[in-house]
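Please look over the structure shown below, which a reader new to it may want to explore step by step. The questions that follow go through it one region at a time.

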Amino acid sequence: MATRRYLFGNPPFRFLADHLAQEADFLEDARRILRLDQDTFLRLAARLNKTDAFLSRSDLATVVGKALEEDGGSEQVASIIFRIAGYVHDADMDANAAMDVLGKAIEKNTEGLEPQERQTLIDRLRKLVAEPIGIAKQYKAQRLVGAIGAELDDFQIICDIRPIFDQEHERIEGAIPLTILRLEYSQADGEPAVVELRLTEKQITKFSERVADAHLKLRMIKDLLTDQHLPIPKTKSTIAEDKS
């Protein structure tokens with residue numbers, strides 16, 4: 001089930017839930033959740049219920065893996081839980097109300113499941129997606145990160161040479177080395193944008209000094225939080241490696 005980007009921002013959750021419940025990918029995910037035997041489901045729900053740490057995608061996979069034990073498919077189940085949790089916890093209402101809305105959409109729109117299967121799915125999603133504190137805390141942290149301005153997606157520092165021609169454009173009389181900083185970012189509404197800035201040599205030196213200074217400050221802040229026994233949720237803004 002791919003993450004969608006809407007032309008005019010995120011639609012109301014009631015609209016989103018109605019469409020989500022009709023999608024073939026959602027039906028496939030629903031059947032995977034329903035295939036969990038009752039003992040496995042209860043074991044998984046219990047583990048999620050007692051975990052109050054921030055549950056990133058990788059941490060959730062660890063919890064699910066321990067609960068499923070020999071049943072297999074833990075990566076797929078963790079991915080389904082995290083993905084549907086994204087819809088529920090990012091809704092324009094609290095998670096329990098969003099789960100009520102999604103439940104009604106499933107009852108009305110999810111074809112291919114018997115009425116009892118639909119009710120079982122709703123009950124299981126509530127336990128696995130809406131109620132776990134660790135998942136709610138993780139999405140709260142991610143919302144906080146996403147609410148702070150635009151997000152840098154990628155950057156390049158491009159070194160170039162611009163030739164200087166004579167007046168007749170017949171001979172190169174010299175050349176100027178240039179450095180360009182290219183920033184690719186997502187705006188607050190999710191739309192991509194690019195800006196290119198020319199850097200002087202002095203600015204390049206200052207830029208490298210400030211990057212090193214930022215690394216030092218971040219390390220000190222993380223050490224302070226660790227000393228104070230304050231957990232740091234894993235988000236794109238708080239991990240050095242390219243993982244989520």
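Q: Which residue has its backbone oxygen 2.7 Å from a polar atom of the side chain of glutamine 138?
A: This is a predicted model, and in it glutamine 138 belongs to helix α8, which covers residues 133-146. Setting aside residues up to four places away in sequence, glutamine 138 touches Phe54, Leu55, Ser56, Phe82, Pro233, Lys234 and Thr235. In this list of touching residues, the one whose backbone oxygen lies 2.7 Å from a polar atom of the glutamine 138 side chain is lysine 234.

Q: Is glutamine 138 buried or exposed?
A: A residue counts as buried when its relative accessible area is under 20% and as exposed when that area is over 50%. The relative accessible area of glutamine 138 is 1%, so this residue of the model is buried.

Q: How far apart in space, C-alpha to C-alpha, are proline 233 and tyrosine 139?
A: Proline 233 is located in the segment after α9, the helix of residues 201-227, and with a relative accessibility of 16% it counts as buried. Apart from neighbours within four places in sequence, its contacts are Phe54, Gln138, Ala141 and Thr238. Although proline 233 and tyrosine 139 are 94 residues apart in sequence, the C-alpha to C-alpha distance between them is 9.7 Å.

Q: In what order do the strands of the open sheet stand?
A: The open sheet is formed by 3 strands with antiparallel pairing. The edge strands, each of which pairs on one side only, are β1 and β3. Neighbouring strands of this sheet are turned against each other by 25 degrees on average, direction ignored, and the order of the strands is β1-β2-β3.

Q: Over how many bridges do β1 and β2 pair?
A: Strand β1 takes in residues 151-165 and strand β2 residues 172-186, and the two pair in the antiparallel sense. Within this pairing, isoleucine 161 stands opposite proline 177 in β2. The number of bridges over which β1 and β2 pair is 14.

Q: What is the bridge partner of isoleucine 180 in β3?
A: The strands β2 and β3 pair in the antiparallel sense over 8 bridges. They also form a hairpin with 5 residues between them, and in its turn glycine 190 has a positive phi of about 90 degrees. In β3, threonine 179 has leucine 199 as its bridge partner, while the bridge partner of isoleucine 180 is arginine 198.

Q: At about what angle to β3 does α9 run?
A: Helix α9 comprises residues 201-227, and β3 comprises residues 192-199. The helix lies across β1, β2 and β3, and its angle to β3 is about 120 degrees.

Q: What is the phi of histidine 169, in the turn of the hairpin of β1 and β2?
A: Most residues other than glycine have a negative phi. Histidine 169 lies in the loop between β1 and β2, and with a relative accessible area of 61% it is exposed. Although histidine 169 is not a glycine, its phi is positive, at about 60 degrees.

Q: Is histidine 229 buried or exposed?
A: Histidine 229 is found in the segment after α9, and its phi is near 60 degrees, a positive value in a residue other than glycine. Because its relative accessible area is 71%, histidine 229 is exposed.

Q: How far apart in space, C-alpha to C-alpha, are glutamine 187 and alanine 150?
A: Glutamine 187 lies in the loop between β2 and β3, and its relative accessibility of 36% makes it partly exposed. Beyond neighbours within four places in sequence, glutamine 187 is in contact with Ala150, Pro192 and Ala193. Glutamine 187 and alanine 150 are 37 residues apart in sequence, yet their C-alpha to C-alpha distance is 4.6 Å.

Q: How many nonpolar residues does the contact of α1 with α6 have?
A: Helix α1, residues 13-20, and helix α6, residues 95-109, pack at an angle of about 35 degrees with their axes 8 Å apart, and the crossing is right-handed. Phe13, Arg14, Ala17, Asp18 and Leu20 of α1 make the contact with Ala98, Val101, Leu102, Ala105, Lys108 and Asn109 of α6. By class, the contact has 1 polar and 3 charged residues, and its number of nonpolar residues is 7.

Notes: Residues numbered from 1 in each chain as written. Predicted model: local features only at pLDDT ≥ 70, side-chain atom pairs only at ≥ 80, totals over all residues. Heavy atoms only, no water. Pairing = 2+ DSSP bridges. Helix = DSSP H or I, 4+ residues; strand = E, 2+ residues; numbered from the N terminus. Axes fitted to C-alpha atoms, helices over the stretch in contact; angles between N-to-C directions. Left-handed = near helix turned anticlockwise from the far one by under 90°. Contact = heavy atoms within 4.5 Å. Nonpolar A, V, L, I, M, F, W, Y, C, P; charged D, E, K, R; others polar. Buried < 20%, exposed > 50% of the residue type's maximum accessible area, 1.4 Å probe, protein only. Polar contact = N/O pair within 3.5 Å; in protein donor to acceptor, adjacent residues only side chain to side chain.
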